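Q: I should like to learn how to read a helix and its surroundings in a protein model. Where might one begin?

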Amino acid sequence: MEHKTVSEMRGIAEVLPHRLRFSPMSTRERLERWAEALERQRGRNLRTLFEIEYAPPGEREAVRADDSPLSVALEDARLRAEGLGGDTIGDALAFFGISETELHAILCYCHHGETMAADVAAMRVRVAASRAGGGRSSGVASMYGGGGLFAALIAVGALAI
């Protein structure tokens, strides 16, 4: 067995603080972390999941794609340490605590085509995070149904009211 110091390990692996075991992230924090991971991939095109709404419920949970927004989440060491076990729809639903409808809006082919920019995915995840926090981004957004592109633009400051 080879022994290394923590500083030596930092050169070959991401070293996470021990306190992770004692202060689990909230749903909102998990979603924010996912959005941050996506934002670090700025400029990268990610694969969407094809017609997930048509997959039979028993098969839908296993749907995944290489280089998807979910695979970016799985690449994040903190999210894995918190318990994210894979990059399937089922893994995402269980870990992030969002609805199938929200996950569909974030990464389905029917909304974005074959690929989507990582920053667009991040914007969609941030909208889900804002809902997980119990509030809407603005009263105007709620007048227009509180969701979709309008709320996302408000949430990232691209639309001033």
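A: One may begin with which residues of a single helix are buried. The model is predicted, and in α6 the buried residues are Ile 89, Gly 90, Ala 92, Leu 93, Phe 95 and Phe 96.

Q: How should the spacing of residues along a helix be read in general, and why do residues three or four places apart point the same way?

A: An α-helix has 3.6 residues a turn, so residues three or four places apart point the same way. As for α6 (residues 89–96), six of its eight residues are buried, so the helix is largely enclosed by the rest of the structure.

Q: Which elements do the buried residues of α6 pack against?

A: They pack against α2 (27–39), α3 (57–60), α4 (69–75), α5 (77–82) and α7 (100–107). Just after α6, Gly 97 adopts a positive phi of about 65°.

Q: Which residues touch the most other members of the largest nonpolar core?

A: That core has 31 residues, and those touching the most other members are Leu 31, Trp 34, Leu 38, Phe 96, Leu 103 and Leu 107. Two or more residues each are given by α2, α4, α6, α7 and α9 (118–132). The largest share, six residues, is that of α9.

Q: What does Leu 38 touch, leaving aside residues up to four places away in sequence?

A: Leu 38 touches Leu 46, Pro 69, Val 72, Ala 118, Ala 121, Ala 122 and Val 125.

Q: How many helices and strands does the protein chain contain, and in what order do the elements run?

A: The protein chain has eleven helices and two strands. Starting at the N terminus, the order is α-α-β-α-α-α-α-α-α-β-α-α-α. Of the 161 residues in the chain, 40% count as buried. Among contacts between residues at least 6 apart in sequence, 58% join residues at least 24 apart. The accessible surface of the chain is about 9100 Å², and carbon and sulfur atoms account for 50% of that area.

Q: Where in the protein chain is confidence lowest, and where is it highest?

A: The general idea is a caution: where pLDDT is low, the predicted coordinates should not be read in detail. In this chain, confidence is lowest in helix α10 (residues 139–143), with a mean of 35, and highest in α4, at 98. Over the protein chain the mean pLDDT is 82, with 76% of residues reaching 70 or more. Across residues 134–151 pLDDT stays under 50, and the model has 25 contacts beyond four places in sequence for them. For residues 157–161, where pLDDT also stays under 50, the model has seven such contacts.

Technical notes:
Residues are numbered from 1 along each chain as its sequence is written. This is a predicted model: local features need pLDDT of at least 70, side-chain atom pairs count only at pLDDT 80 or more; totals for chains, interfaces and linings use all residues. Side-chain values use heavy atoms; hydrogens and water are left out. Buried means under 20% relative accessible area, exposed over 50%, partly exposed in between (1.4 Å probe, protein chains only). Helices (H or I, at least four residues) and strands (E, at least two) are DSSP runs, numbered from the N terminus. Contact means heavy atoms within 4.5 Å. pLDDT is the predictor's confidence in each residue, from 0 to 100. Accessible areas come from the Shrake-Rupley method with a 1.4 Å probe; for residues, only the protein chains shown count as cover. A nonpolar core is a set of buried Ala, Val, Leu, Ile, Met, Phe, Trp, Tyr and Cys residues joined through side-chain atoms within 4.5 Å.
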